[in-house]
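Colleague: I'd like to learn how to read strand pairing and nonpolar cores in a model. Could you walk me through them?

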Amino acid sequence: MSMIFFASVVRVRDGLPLSASTDFYHTQDFLECRRRLKTLALQLAQYPGRGSAESCDFCIHFSSSGDLACMAICSRQYPAAMAFCFLETLWWEFTASYDTTCIGLASRPYAFLEFDSIIQKMKWHFNYVSSSQIKSSLEKIQEELEFQPPMVLTLEDTDVANGMMNGHIPKHSEPAPNFRMEPVTALGILSLVLNIMCAALNLIRGVHLAEHSLQVAREEIGNILAFLIPFVACIFQCYLYLFYSPARTMKVVLMLLFICLGNVYLHGLRNLWQILFHIGVAFLSSYQILTRQLQEKQSDCGV
């Protein structure tokens with residue numbers, strides 16, 4: 001059957017559906033095509049104004065201009081020129097009904113539900129009315145398509161681009177907006193408290209040494225840095241425990257190395273037990289950072 005099965009109006013910048021026709025088809029192929037249309041809608045900003053993608057017995061056509069796009073699912077036999085003529089007519093009708101401010105401020109899916117009835121009427125008109133009645137518009141579209149053919153997409157590529165090949169979302173190697181850290185443990189809190197204490201001790205000793213050095217010798221500069229660098233490293237360890245950061249393991253090792261080298265350099269200003277305490281706290285904090293993993297957060301989107 002050569003016809004338009006489904007049509008929708010979406011916002012280009014985020015793929016938000018603004019209005020859509022009512023579904024009367026519930027075959028598995030059609031539902032899969034609907035899913036792929038939603039995937040494609042999220043990527044319209046990276047494609048040119050017109051494009052088509054085939055899926056089994058259906059074709060998805062889209063036409064966009066500005067921040068508004070119209071999309072349709074048609075049978076493969078339905079002429080592409082007729083489909084794009086329908087989409088352009090739908091675009092003009094929607095922009096005549098709503099201004100750009102209303103479109104830009106829409107925050108929920110299908111905010112313009114009342115426009116659905118107009119989409120249904122236009123679908124019926126293009127499906128059942130003789131094409132001679134829209135001959136002038138159709139000829140214009142045909143000329144445009146000959147001069148600049150629509151982009152041809154493969155729906156498998158759009159799925160890969162959206163990270164949803166075969167309906168499975170790939171695991172994230174880096175933190176994403178829908179991920180958060182696991183809850184803080186009691187041992188983690190203890191490591192934070194001890195780390196802050198070590199940082200405070202390093203800062204106090206470093207500042208005190210700098211203030212009482214009227215003529216700072218080279219050895220004293222080294223001692224001041226040996227206090228202040230571990231102070232910064234301790235604070236950064238606290239940050240790494242509380243928040244995820246890319247290349248976390250490398251940063252943890254680097255901070256641990258700074259703390260260990262600084263305390264070894266301070267041998268003489270600190271006794272062995274003080275040095276072991278600071279290094280022990282640094283190792284405990286490093287272990288807590290590396291064992292605190294990402295936890296997937298449930299999506300708040302109910303659409």
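Modeller: Gladly! Two strands count as paired if DSSP finds at least two bridges between them. Keep in mind that this is a predicted model.

Colleague: How many bridges join β3 to β4 here?

Modeller: Strand β3, residues 50-55, is joined to β4 by 6 bridges, and the two run antiparallel. R50 stands opposite S63 in β4. The hairpin of these strands has 2 residues between them, and C56 takes a positive phi near 55° there.

Colleague: And in which sense do β4 and β5 pair?

Modeller: Antiparallel, over 8 bridges. I60 has I73 in β5 as its bridge partner. This hairpin has 2 residues between the strands, and G66 takes a positive phi near 65°.

Colleague: Is β4, residues 58-65, mostly covered or mostly open?

Modeller: Mostly covered: 7 of its 8 residues are buried.

Colleague: Now the cores. What is the general idea?

Modeller: In soluble globular proteins, nonpolar side chains tend to be buried together. In this model, the largest nonpolar core has 32 residues, and V9, L18, F86, L90, F94 and F126 touch the most other members. The elements giving two or more residues to this core are β1 (4-11), β5 (68-75), α2 (80-97), α4 (116-128) and α5 (135-147). The most come from α2, with 10 residues.

Colleague: What is L90 in contact with, leaving aside its neighbours within four places in sequence?

Modeller: L90 is in contact with A7, S8, V9, C70, F115, I119 and M122. Apart from this largest core lies another, of 21 residues, including F5, A41, F58 and F62.

Technical notes. Residues numbered from 1 in each chain as written. Predicted model: local features only at pLDDT ≥ 70, side-chain atom pairs only at ≥ 80, totals over all residues. Heavy atoms only, no water. Core = buried A, V, L, I, M, F, W, Y, C linked by side-chain atoms within 4.5 Å. Buried < 20%, exposed > 50% of the residue type's maximum accessible area, 1.4 Å probe, protein only. Helix = DSSP H or I, 4+ residues; strand = E, 2+ residues; numbered from the N terminus. Contact = heavy atoms within 4.5 Å.
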